[in-house]
Amino acid sequence: MNASQAFAFLFACACVSGMAAEPSATPSPSPAKLEFDHVWIVVSRDAPERTALEHAGLKISPGLNRNDGQGTASVATEFLNSYLELMWPDPTVSVAPGAERGVEKFKNRMNWRTTGWCPIGIALHRVGPSTLLPFPTWTIAPDWMPKGTAIEILTARDDTKSPSFFIEPAELAVKANSHDSRNASDHPLGVQRITDIRLVRPKEYQPVDAFKYLEQAGIFRSSEGTEWAVQLTFDAGRKGQTKDLRPDLPLVLHY
């Protein structure tokens with residue numbers, strides 16, 4: 001399976017869920033044997049927000065990912081150990097019967113500044129045997145996934161405030177679909193690996209069990225702010241530089 005196919009699979013997971021290393025690569029595996037995989041942000045149709053990434057010095061991977069049956073499309077920028085994707089509900093992409101609710105959730109995430117939904121998704125993968133989490137989860141296994149696999153979704157079905165949290169099967173994990181290092185690291189900004197993730201949450205947001213658990217497990221850190229944003233640190237912030245892409249994107253880059 002190539003990287004583009006993996007992206008398409010993961011985007012479809014996100015739609016249905018409505019939202020869910022080495023020290024120099026990613027934060028260490030959590031006690032729950034979970035590790036950060038990638039992050040997505042829901043944006044406007046055709047992702048005009050990609051310009052903000054390009055101006056910041058990040059290269060958008062070629063090609064458009066379409067999630068037939070799920071009603072979404074996306075583009076991505078790749079790193080050596082992860083990727084950042086921009087996705088949107090796309091009316092030119094087919095929606096399978098029963099997936100309409102997922103598309104509506106994506107629309108609410110896209111319009112997060114007026115709906116109050118979170119536009120951010122955090123994908124995880126396991127680094128050991130499956131363990132039971134201390135809160136309810138649910139799974140999906142639509143036809144577009146490899147047979148015999150399923151996505152475990154940590155964000156409750158009726159949650160309208162939280163980020164999307166989900167665990168993907170090993171077949172779809174970044175490590176199982178390693179990127180071409182020459183392409184994934186060829187960013188004008190000079191960054192290579194995501195080494196830290198911080199979620200900025202609105203002060204009125206009350207973290208749910210999944211949010212608290214993943215933060216305590218070291219998957220990400222969080223702090224209060226006026227609205228949702230994600231702060232990504234690359235290469236342990238060795239250059240001591242920051243680029244704030246707000247208001248175009250709820251994204252801050254430290255490198």
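Before I show you a residue, let me fix one term: buried means under 20% relative accessible area, exposed means over 50%, and partly exposed lies in between, with a 1.4 Å probe and protein chains only. What you have in front of you is a predicted model, in which local features need pLDDT of at least 70 and side-chain atom pairs count only at pLDDT 80 or more, while totals for chains, interfaces and linings use all residues. Residues are numbered from 1 along each chain as its sequence is written, and side-chain values use heavy atoms, with hydrogens and water left out.

Let me begin with Val 42, which belongs to strand 1, residues 34-42; strands (E, at least two residues) and helices (H or I, at least four) are DSSP runs numbered from the N terminus. Is Val 42 buried or exposed? Val 42 counts as buried because its relative accessibility is 3%. If we set aside the neighbours within four places in sequence, its contacts, meaning heavy atoms within 4.5 Å, are Met 87, Trp 88, Pro 89, Phe 106, Arg 109, Met 110 and Pro 119. Leu 86 is 44 residues away from Val 42 along the chain, and yet their C-alpha atoms are separated by 5.8 Å.

Now to the sheet that contains strand 1, an open one of 8 strands with mixed pairing, in the order 2-3-4-1-5-8-7-6. Its edge strands, each paired on one side only, are strand 2 (65-67) and strand 6 (138-140), where pairing requires that DSSP finds at least two bridges between two strands. On average, neighbouring strands of this sheet are turned by 30 degrees against each other, direction ignored, the axes being lines fitted to C-alpha atoms, for helices over the stretch in contact, and angles running from 0 to 180 degrees between N-to-C directions. At one edge, strand 2 pairs with strand 3, residues 72-78, in the antiparallel sense over 3 bridges, and there Asn 67 stands opposite Thr 72 of strand 3.

Finally, some backbone details in the loops. Ala 47, in the loop between strand 1 and helix 2 (50-56), has a phi near 55 degrees, a positive value in a residue other than glycine. Ala 236, in the loop between strand 11 (229-234) and strand 12, also is not a glycine and has a positive phi of about 60 degrees. Ala 47 counts as buried because its relative accessibility is 0%, whereas Ala 236 is exposed, with a relative accessible area of 64%. In the loop between strand 12 (242-244) and strand 13 (251-254) we find Pro 247, and the peptide bond leading to Pro 247 from Arg 246 is cis, with omega near 5 degrees.
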